[in-house]
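Me: I'd like a close look at one part of this protein, the sheet and whatever packs on it. Can you walk me through that part in plain words?

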Amino acid sequence: MLCTFLSLTLIYLIIVYSIRWYEFSNSNEYKEKYGGKTIFSDFQKEGYKSLIAFILEYVYVIAHLILLVADYIISVFQSITPKSISLQDTQNPIILIHGYMMRGLVMYPIKKRLNKDGYKNIYLFTYSPPWKSIDDFSFQLKDKIESVKKETGAENVDLICHSMGGLIALNYINNLDGTKNINRLIALGTPFGGSKLWSFSIGRCGKEMKPGSEFLKKLNVSPAGIKATAIYTTFDEMVIPYEYSKLEGADNIEMNYIGHVGLLFDKRAYKIIREVLKTSLSSQNSLLQN
C-alpha cells in the first residue's frame, strides 16, 4: 500500500513536471533567454538545482497529502471537542485558505510558524465539496470571515491563500463586497491567469481555472483598496505558465527552485509572508497613532 502511494505520487509529479518543462522550453521567454539550448544543455552546471527542487517537492507533496488525510480524521472528532477561545490580540486575525481538492490542515506549516512568531488568532478554513464553483466557495469564505470578526471583535482580517484559495479570496473581495473586511491579501502560487494544466479538468472550479475562462475574465482585476502580495515560483508545476501567478496591481515576488506545494513549507516563502505582515502591522499602528 505504501509503495503504491509513493509510486503514484512520483508518477504524478513526473507527468506534471513534464508538461511544465515542455511548455517552458517552447515559450518565448525560454527562446529569448537560452536560444537554441535545451533544458538539458546546462544540466551539469545548473540541473542539480532542479533535481533537488524536484525531490523536495516530492517530499512536500507526500506531507501535503498526509495532512489532508489527517484533516479528514480530525474533522470526525471536531463536534465533540471543546471550541477554543480566541485570545486578545492587537493584530488582525489571519485566515488561511487552502487550494484545490485540499482541506484546511494542509496550511498547518504556515500556521505553526505564525504561532511561533506570536500571531495568536490564526484560523484554518475548509471549503467544500470540491466540485462546486469558486463563487460557492467565496460565499463560504464570506460566512467564515463574518464568524471570525464576531468572535474576535476585529474590524478586518488578513488572508493568506494557496493556489485556488487566492482566487476564492479575490472573488470575495471584488465581487462580494469584501473590501471593507480585508486588510491584507497574500497569495502563494495562485493561478490568477489560470493554468494550462486545467485543460484536463472536468470539475466546475477546475474549468474556471482554465486560461481565458469567463470566470477569470470577470475576476482578473486587482483588489481595490486592498494591500495584495502575490508570491510565485518559476518552478511551479501546477500553474503553467508560472507567469499566470502574477496579479496586476499587487506586489509580485518571484522565487526559484521551489515547487507549488513547497511554497507552504519553504522557509524563504514564510520569511516573505512574515515581512509582509510586519509591514502591514506597522502601517496599521501608524494609522491608529495618527
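Reply: First, a term: two strands count as paired if DSSP finds at least two bridges between them. Keep in mind, too, that this is a predicted model.

With that in hand, look at strand 3 (residues 157-162) and strand 4 (residues 182-188), which pair in the parallel sense over six bridges. Within that pairing, Ile160 sits opposite Ile186 of strand 4.

Now zoom out to the whole sheet. It's an open one built from six strands, with parallel pairing and the order 2-1-3-4-5-6. The edges belong to strand 2 (122-125) and strand 6 (251-255); each has a single partner strand, so one side of each is left without a neighbour in the sheet. On average, and ignoring direction, neighbouring strands here are turned by 15° against each other.

Next, the helices on the sheet. Helix 5 (residues 134-152) lies across strand 1 (94-97), strand 2, strand 3 and strand 4, and runs at about 155° to strand 2. Helix 6 (residues 164-175) packs on the sheet as well, touching strand 1, strand 3 and strand 4. The direction of helix 6 makes about 145° with that of strand 3.

One more thing to look at, this time on the surface: Val69, Ile73, Val76 and Phe77 form a nonpolar patch there, with about 390 Å² of accessible area together. Val76 belongs to helix 3 (residues 43-77). With a relative accessible area of 57%, Val76 counts as exposed, because the cut-off for that word is over 50%.

Methods:
Residues numbered from 1 in each chain as written. Predicted model: local features only at pLDDT ≥ 70, side-chain atom pairs only at ≥ 80, totals over all residues. Heavy atoms only, no water. Helix = DSSP H or I, 4+ residues; strand = E, 2+ residues; numbered from the N terminus. Axes fitted to C-alpha atoms, helices over the stretch in contact; angles between N-to-C directions. Contact = heavy atoms within 4.5 Å. Patch = residues over 30% accessible without salt bridge, like charges linked within 9 Å, V, L, I, M, F, W, Y side chains within 5 Å. Areas by Shrake-Rupley, 256 points an atom, 1.4 Å probe, with all protein chains shown as cover. Salt bridge = Lys/Arg side-chain N within 4 Å of Asp/Glu carboxyl O. Buried < 20%, exposed > 50% of the residue type's maximum accessible area, 1.4 Å probe, protein only.
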